[in-house]
Amino acid sequence: QVQLVESGGGVVQAGGSLRLSCAASRRTSSDYAFTDLLFGWFRQAPGKEREFVSAIAWSGTPYYGDSMRGRVSISRDNAENTVYLQMSSLKPEDTAVYYCAASPRKYYARPSHYDYWGQGTQVTVSF
């Protein structure tokens with residue numbers, strides 16, 4: 001089991017920035033280590049499907065979805081077992097619950113690729 005806890009969401013004005021964090025922990029030594037995992041960020045607005053935002057492989061290779069490309073940057077701190085999503089130039093349409101997810105596999109763009117999910121953090125962008 002891998003537990004993921006997101007933080008950093010909140011209310012921000014259009015054009016502003018936020019940095020989301022995802023802290024990962026494992027229950028036992030037999031569970032996946034942080035460096036074994038690929039991490040992704042998804043978002044879900046009311047009435048819409050969960051949408052891929054970004055992912056980062058164990059090697060640090062980043063991947064970005066079309067929805068926020070050029071406005072987000074993903075990083076990971078393997079010493080702190082934490083993944084970050086830096087978001088800038090936020091728009092009202094970026095309002096959603098943002099979820100962190102983890103996978104021991106290399107595929108990253110679909111929710112079904114992930115085994116572990118956090119509870120989500122709300123991001124609200126006002127006009």
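**View 1. Aromatic rings come in pairs here.** This predicted model holds eight aromatic pairs. Which residues do ring pairs link into a cluster? They are Phe42, Phe52, Tyr63, Tyr99, Tyr108, Tyr114 and Trp117. In general, a pair of aromatic rings is described by how far apart the centres are and by the angle of the planes.

**View 2. Arg50 sits over two rings.** Look for the charged end of Arg50: it sits over the ring of Tyr99, 3.8 Å from its centre. The charged end of Arg50 also sits over the ring of Trp117, here 4.8 Å from the centre. Both Tyr99 and Trp117 belong to the cluster linked by ring pairs.

**View 3. The largest nonpolar core has 28 residues.** Which members touch the most others? That would be Leu4, Phe39, Trp41, Val83, Leu85, Met87 and Tyr98. Several strands give two or more residues to this core, among them strand 1 (2–7), strand 3 (18–26), strand 4 (38–44) and strand 5 (51–56). Also on that list are strand 7 (72–77), strand 8 (82–87), strand 9 (96–103) and strand 11 (121–126). A second core, separate from this one, has seven residues, including Leu38, Phe42, Ala55 and Ala101. As a rule, nonpolar side chains tend to be buried together in soluble globular proteins.

**View 4. Four strands make an open sheet.** Follow the strands in the order 1-3-8-7 and you have the whole sheet, with antiparallel pairing. Which strands are at the edges? Strand 1 and strand 7 are, as each pairs on one side only. On average, neighbouring strands of this sheet are turned by 15° against each other, direction ignored. Zoom in on strand 7 and strand 8, which run antiparallel, and you'll find six bridges joining them. Ser73, for instance, has Gln86 in strand 8 as its bridge partner.

**View 5. Two residues show a positive phi without being glycine.** Most residues other than glycine have a negative phi. Asn81 goes the other way, with phi near 55°. Where is Asn81? Look in the loop between strand 7 and strand 8. Ser89 has a positive phi too, of about 50°, and this residue is found in the loop between strand 8 and strand 9. Why does Asn81 count as partly exposed? Because its relative accessibility is 30%, and partly exposed covers values from 20% to 50%. Ser89 is partly exposed as well, with a relative accessible area of 41%.

Conventions:
Residues are numbered from 1 along each chain as its sequence is written. This is a predicted model: local features need pLDDT of at least 70, side-chain atom pairs count only at pLDDT 80 or more; totals for chains, interfaces and linings use all residues. Side-chain values use heavy atoms; hydrogens and water are left out. A nonpolar core is a set of buried Ala, Val, Leu, Ile, Met, Phe, Trp, Tyr and Cys residues joined through side-chain atoms within 4.5 Å. Buried means under 20% relative accessible area, exposed over 50%, partly exposed in between (1.4 Å probe, protein chains only). Rings of Phe, Tyr and Trp (its six-membered ring) pair if their centres lie within 6.5 Å; planes under 30 degrees apart count as stacked, over 60 as edge-to-face and the rest as tilted. A charge sits over a ring if NZ of Lys or CZ of Arg is within 6 Å of the ring centre and within 35 degrees of the ring normal. Two strands pair if DSSP finds at least two bridges between them. Axes are lines fitted to C-alpha atoms, for helices over the stretch in contact, and angles run from 0 to 180 degrees between N-to-C directions.
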